[in-house]
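Open the model in your viewer and keep the selection tool at hand. Each stop below says what to select and what to look for there.

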Amino acid sequence: MQTHNSLKTLDRFWLKFMDRPLVFAVVVLLALALLPVAVWMDLRAISDQSLRSQAIDLDKAITEIRTYYARNVVGRVQSASGDIQPTHEYHERDGGIPIPATLSIELGDVIGDQGTLEYRFVSDLPFTERETYELTGFEQKALADFRETRDPKDLEIGFTGSLFDRQVQIASPVYMGASCVACHNTHPESPKTDWVVGDIRGIQAITIDQPIAENLWSFKYLLTYFAGAGAFGIAFAGLQWRQAYRFHKMNGDLEAANSEISHLNEQLASENVRLGAEIEVARQIQMMVLPTQNELGEIDQLEVAAFMEPADEVGGDYYDVLQLGDRVKIGIGDVTGHGLESGVLMLMVQSVAVALQEQGPSDPKQFLVALNNAICRNIKRTKTDKHLTLCFLDIEHDKLTLTGQHEELILLRRSGAVETVDTLDLGFPVGLEDNISEFVRPLPMPFESGDTVVLYTDGVTEAENSKGEMYGLDRLIASTKDHGHKDAARMLEAMIADLRSHIGSAAVFDDITLLVARRR
């Protein structure tokens with residue numbers, strides 16, 4: 001939870017950052033500027049280390065030179081007879097050579113002319129005829145430390161300077177050996193005559209300057225790299241900010257859109273509840289207008305059993321059984337599609353058929369033509385694009401008249417023979433043309449006691465199993481034969497069971513209607 005809250009806090013900070021492009025640019029420039037500063041500091045540390053090494057090496061070299069001169073030049077001169085004499089006033093005497101201290105002092109004068117390098121051989125106790133030296137704070141501290149430790153190998157190192165100018169100072173003690181003590185204690189200009197071996201006479205100080213700023217162009221390749229990398233970094237950071245700003249704006253737009261969608265979903269949910277209630281009412285009305293089992297049982301000359309199962313809440317299949325005196329009219333149809341609009345058209349057909357059966361023409365052809373005219377007017381009024389296949393069976397005495405275009409009719413004779421009748425040339429889809437009289441051709445045929453007729457919609461024959469195999473007309477005919485010896489109700493029940501066995505767990509996508517009528 002703490003990590004999640006931290007992330008949310010970081011997101012809020014970043015979003016505020018995105019809204020301030022000037023602050024973002026300053027931070028990016030500062031970050032880029034700090035990179036060369038960090039590298040420069042590392043270079044300065046490297047420079048300090050290099051200066052330190054140079055100073056130590058130079059100090060050792062000069063000490064070795066002075067020692068070599070004292071031992072192999074002055075020492076040999078003093079031990080030999082002749083006119084050559086080591087003295088600090090060698091330039092005023094013929095045959096004079098400088099003593100080691102004088103050599104070191106004058107060597108400092110020569111080296112000091114080099115600009116970035118300074119060498120001093122100094123003491124706070126100079127000979128009486130020599131100029132007094134003014135020691136720096138570093139030199140005074142070094143001399144005091146050396147006299148305390150009395151170690152000839154001691155070194156004192158210090159660094160001064162700024163970011164662009166570095167200076168290293170190194171001091172080493174001037175250690176008094178036996179020959180030095182003998183000379184200084186007997187010399188008339190010596191400030192002190194009680195020297196002992198191990199005393200620190202003075203210091204040897206070396207200062208090396210490193211003017212980094214003057215050598216700045218020596219880093220031209222590095223500076224060029226930094227300039228290029230900085231320009232690329234600024235461009236890349238700007239691009240990233242621009243992309244982040246765009247994403248931020250898109251997220252804001254998406255949040256607004258999501259809010260709108262949420263509001264619309266709430267409205268849609270409310271609308272769906274209302275529409276669901278309306279559909280439920282339409283479904284109940286549709287089921288209410290279907291003939292009841294009691295109505296079917298009151299038909300003396302026929303055994304009738306029917307089944308209808310819509311694919312949606314409201315189906316587009318139609319069937320009805322209408323009786324007027326000795327005449328019985330059975331209708332079956334299939335509205336294109338399924339759902340509420342198809343169900344409404346089915347109710348129109350049912351209502352018009354009932355009215356025509358009561359008050360309309362008894363002739364099968366005129367009946368279908370009149371029904372089509374009424375349906376076409378309603379379709380134009382409702383501006384729907386639906387239509388339906390529809391056929392009627394008019395049964396009177398031992399005759400059956402088939403009118404209209406629908407699925408093939410299955411006729412099971414009492415003998416067990418099965419006949420199928422193609423209805424393609426017997427009519428025309430209802431609702432497409434205002435006048436279909438020229439397409440309607442009623443087909444009379446015998447329908448004697450024990451004969452059975454099976455009516456269905458394409459939801460039966462086109463029902464698929466999980467393998468995509470359709471039930472088909474052949475299976476329906478075979479099922480009709482297998483169960484034809486049963487009464488109409490049991491026969492219908494068995495045929496529906498066969499159909500469901502074929503479908504199995506597959507989804508049903510169309511309305512299923514099946515009707516069985518047997519002549520008593």
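Select helix 11, residues 472-483, and helix 12, residues 488-503, in this predicted model. The two helices pack at an angle of about 140 degrees, and their axes are 10 Å apart. Angles over 145 degrees would count as roughly antiparallel. Helix 11 and helix 12 are therefore oblique to each other. Their crossing is right-handed.

Which residues of helix 11 and helix 12 meet? Show the side chains of R475, L476, S479, T480 and H483 in helix 11, then those of M491, A494, M495, D498 and H502 in helix 12. Colour this contact by residue type: 4 of its residues are nonpolar, 4 are polar and 2 are charged.

Next, the sheet. Select strands 7, 16, 15, 12 and 13, listed here in their order across an open sheet of 5 strands with antiparallel pairing. Strand 7 (302-309) and strand 13 (418-421) are at the edges; each has a single partner strand, so one side of each has no neighbour in the sheet. From one strand to the next, the twist averages 15 degrees. As background, the strands of a sheet pair through backbone hydrogen bonds, in either a parallel or an antiparallel way.

Zoom in on strand 12 (residues 409-412) and strand 15 (residues 452-456). These run antiparallel and are joined by 3 bridges. Where in strand 15 is the bridge partner of L412? Select T452, which is that partner.

Now bring helix 11 back into view with the sheet. Helix 11 packs on the sheet and touches strand 12, strand 13, strand 15 and strand 16 (512-519). The direction of helix 11 makes about 25 degrees with that of strand 12. Helix 12 also packs on the sheet, where it touches strand 7, strand 12, strand 15 and strand 16. The direction of helix 12 makes about 150 degrees with that of strand 16.

For the last stop, select helix 8 (residues 340-359) and helix 9 (residues 364-382). Their axes come within 10 Å and cross at roughly 140 degrees, which makes helix 8 oblique to helix 9. The crossing is right-handed.

Show the side chains at this contact. Helix 8 contributes L345, M348, V349, V352, A353, L356 and Q357. Helix 9 contributes F367, A370, L371, A374, I375, N378, I379 and T382. How many residues of the contact of helix 8 with helix 9 are nonpolar, polar or charged? The contact has 12 nonpolar residues, 3 polar and no charged.

Technical notes. Residues are numbered from 1 along each chain as its sequence is written. This is a predicted model: local features need pLDDT of at least 70, side-chain atom pairs count only at pLDDT 80 or more; totals for chains, interfaces and linings use all residues. Side-chain values use heavy atoms; hydrogens and water are left out. Axes are lines fitted to C-alpha atoms, for helices over the stretch in contact, and angles run from 0 to 180 degrees between N-to-C directions. Helices (H or I, at least four residues) and strands (E, at least two) are DSSP runs, numbered from the N terminus. Angles under 35 degrees count as roughly parallel, over 145 as roughly antiparallel, 65 to 115 as roughly perpendicular and the rest as oblique. A crossing is left-handed if the near helix is turned anticlockwise from the far one by less than a right angle, and right-handed if clockwise. Contact means heavy atoms within 4.5 Å. Ala, Val, Leu, Ile, Met, Phe, Trp, Tyr, Cys and Pro count as nonpolar, Asp, Glu, Lys and Arg as charged, and the others, Gly among them, as polar. Two strands pair if DSSP finds at least two bridges between them.
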